[in-house]
2 protein chains.
Amino acid sequence: MGPLPRTLDFFYDVLSPYSWLAFEVLCRYKNIWNVSLQLRPTLIAGIMKDSGNQPPAMLPRKATYLKNDIRLLGQHLQVPIHFPKDFFSVILGKGSLTAMRFLTALKMEQPEMLEKVSRELWMRVWSRDEDITQPQSILAAAEKAGMSTGQVRGLLERISTPQVKDQLRETTEAACKYGAFGLPVTVAHLDDQAHMLFGSDRMELLAHLLGEKWMGPVPPAVNARL
Amino acid sequence: MGPLPRTLDFFYDVLSPYSWLAFEVLCRYKNIWNVSLQLRPTLIAGIMKDSGNQPPAMLPRKATYLKNDIRLLGQHLQVPIHFPKDFFSVILGKGSLTAMRFLTALKMEQPEMLEKVSRELWMRVWSRDEDITQPQSILAAAEKAGMSTGQVRGLLERISTPQVKDQLRETTEAACKYGAFGLPVTVAHLDDQAHMLFGSDRMELLAHLLGEKWMGPVPPAVNARL
């Protein structure tokens with residue numbers, strides 16, 4: 001028996017484009033590195049409020065940079081990410097509360113579906129510029145991920161229960177306790193301590209901390225399948 | 001004769017720790033990749049003012065993260081970077097005007113010394129927690145880099161001339177025109193367009209854009225010399 005896998009807590013919100021980029025890279029490496037990847041749906045609005053931070057796109061020059069940065073990173077990382085046409089209304093206006101409550105309920109009841117449904121929600125909002133706030137939008141994403149209509153409707157009925165609301169709040173608070181001021185946040189639990197890494201651009205550093213090999217954002221084992 | 005090297009404009013300030021990290025990585029790769037690295041001393045205070053941005057350390061949770069991030073990156077990148085004890089007074093209070101004017105004058109008169117003197121200034125402020133605002137501090141850094149006392153004194157006498165002031169202002173404005181809202185900024189001039197990359201964590205993306213190979217922050221040719 002080899003050494004026990006190290007736990008990686010990955011705090012994310014489907015509203016956050018850099019969360020998607022980091023998510024795909026970690027999903028590629030989770031079977032290559034000796035890690036146990038824990039996906040933790042989090043509310044980015046809660047993180048911003050608690051930390052006093054502002055979304056980077058509030059500064060005009062950062063917004064311009066962000067657009068180009070995400071386009072280039074999407075190409076490099078081979079993630080089909082595209083900016084929504086009306087960024088401010090879609091991302092800063094509508095928010096992600098329903099979607100993140102749904103993912104929270106999903107994690108509680110069918111955690112094996114969490115990766116696929118999260119990806120389909122990102123595909124909607126950050127690739128095809130489609131809504132993720134309405135129940136029928138969430139239904140469409142979850143069905144695309146392989147869930148039945150009945151399963152999805154059952155979960156949608158429970159997203160406003162205290163259990164689900166409390167769980168999303170607790171996860172968001174947990175991220176804040178690790179020092180989050182935005183998302184994504186990856187917490188690597190090593191023998192001696194927990195390291196909190198912010199953003200999608202600390203993956204090579206994460207490999208270094210884990211003592212694992214970094215083979216670029218598209219490691220060969222994944223490349224062979226593309 | 002091979003293809004002409006692509007120009008990389010590197011805008012930096014010795015007050016900026018991420019500028020140092022990016023600088024060392026680029027100095028390692030400049031003889032490995034087919035590039036011409038242009039070091040461009042810039043005033044970070046001017047960039048912040050023009051863009052309306054705030055230093056990240058102004059947000060308490062970002063300041064805490066920054067400290068740990070820089071420590072981990074310093075280990076990973078093999079750069080002896082350490083946080084000054086009184087960060088706010090040293091970095092946000094004292095500033096870097098004299099140092100950046102000195103580097104501007106140096107670039108105009110002895111550009112071959114720019115890399116070494118810049119590194120010695122970073123070694124002072126970001127490794128040994130020493131002053132970089134006083135003429136004798138700059139003299140010590142420049143002498144350590146191999147310049148004579150006479151050369152340094154001559155340059156120090158000219159750092160307040162309109163030529164030097166204007167040049168630093170022009171470089172800072174040039175970075176702003178590329179969309180800078182902080183430093184470092186690396187501008188890669190490719191055949192078809194210029195790509196502006198912010199920070200020290202876009203080096204693998206830079207390699208991708210250049211069609212060059214990324215071999216980690218400490219490429220083997222450098223490793224062999226360490």
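## A walk across the A–B contact

Start by selecting B:Asp201 and A:Arg202: they form a salt bridge, and the closest N and O atoms are 2.9 Å apart. Keep in mind while you look around that this is a predicted model.

**Stop 1: the whole contact.** Before going further into that pair, zoom out to both chains. Select every residue in the contact and you should have 33 from chain B and 32 from chain A. Interface size is often quoted as the accessible area that is lost when the parts come together. Here chain B and chain A bury about 2800 Å² between them, with 55% of that on carbon and sulfur atoms. For the polar side of the story, there are 14 residue pairs in polar contact between chain B and chain A, both residues being at pLDDT 80 or more.

Now color chain B by secondary structure. On its side that touches chain A, the elements giving two or more residues are helix 2 (44-51), helix 3 (60-77), strand 4 (194-198) and helix 10 (203-210). Which of chain B's elements gives the most to this side? Pick helix 3 of chain B, which supplies ten residues. Switch to coloring by residue class, and the side of chain B that touches chain A shows 15 nonpolar, ten polar and eight charged residues.

**Stop 2: the charged pairs across the contact.** Side chains of opposite charge can pair when their charged atoms come close. Between chain B and chain A the count is six salt bridges. Select A:Asp201 and B:Arg202, whose side chains meet in a salt bridge at 2.9 Å, N to O. A:Asp201 sits in the loop between strand 4 (194-198) and helix 10 (203-210) of chain A, and B:Arg202 sits in the loop between strand 4 and helix 10 of chain B, so this pair joins two chains. Turn on a surface and check both ends: A:Asp201 is partly exposed at 27% relative accessible area, while B:Arg202 is buried at 7%.

Go back to the opening pair, which also crosses between chains: B:Asp201 is in the loop between strand 4 and helix 10 of chain B, and A:Arg202 is in the loop between strand 4 and helix 10 of chain A. Is each of these buried or partly exposed? B:Asp201 is partly exposed, with a relative accessible area of 26%, and A:Arg202 counts as buried at 6%. Now widen the selection to A:Asp69, A:Asp201, A:Arg202, B:Asp69, B:Asp201 and B:Arg202; salt bridges that share partners join them into one network.

**Stop 3: a bridge inside chain A.** Over all chains, the structure has 28 salt bridges. For one within chain A, select A:Lys30 and A:Glu115, whose side chains meet at 2.4 Å, N to O. A:Lys30 lies in the loop between helix 1 (17-29) and strand 2 (35-41) of chain A, and A:Glu115 lies in helix 6 (residues 114-126), so the pair ties together parts that are 85 residues apart in sequence. A:Lys30 itself is partly exposed, at 26% relative accessibility.

**Stop 4: the cysteines.** A disulfide is a covalent bond between the sulfur atoms of two cysteines. How many disulfides does a search of the whole structure find? Zero, over all chains. Two cysteines to click on anyway are A:Cys27, buried at 10% relative accessibility, and A:Cys176, also buried, at 11%.

Notes. Residues are numbered from 1 along each chain as its sequence is written. Chains are lettered from A and ligands numbered from 1 in the order in which they are written. This is a predicted model: local features need pLDDT of at least 70, side-chain atom pairs count only at pLDDT 80 or more; totals for chains, interfaces and linings use all residues. Side-chain values use heavy atoms; hydrogens and water are left out. Contact means heavy atoms within 4.5 Å. Buried area is the accessible area (1.4 Å probe) that two parts lose on being put together, summed over both. A salt bridge is a side-chain nitrogen of Lys or Arg within 4 Å of a carboxyl oxygen of Asp or Glu. A polar contact is a pair of N or O atoms within 3.5 Å; within protein, one must be able to donate a hydrogen and the other to accept it, and residues adjacent in sequence count only if both atoms are side-chain atoms. Helices (H or I, at least four residues) and strands (E, at least two) are DSSP runs, numbered from the N terminus. Ala, Val, Leu, Ile, Met, Phe, Trp, Tyr, Cys and Pro count as nonpolar, Asp, Glu, Lys and Arg as charged, and the others, Gly among them, as polar. A disulfide is a pair of cysteine sulfur atoms within 2.5 Å. Buried means under 20% relative accessible area, exposed over 50%, partly exposed in between (1.4 Å probe, protein chains only).
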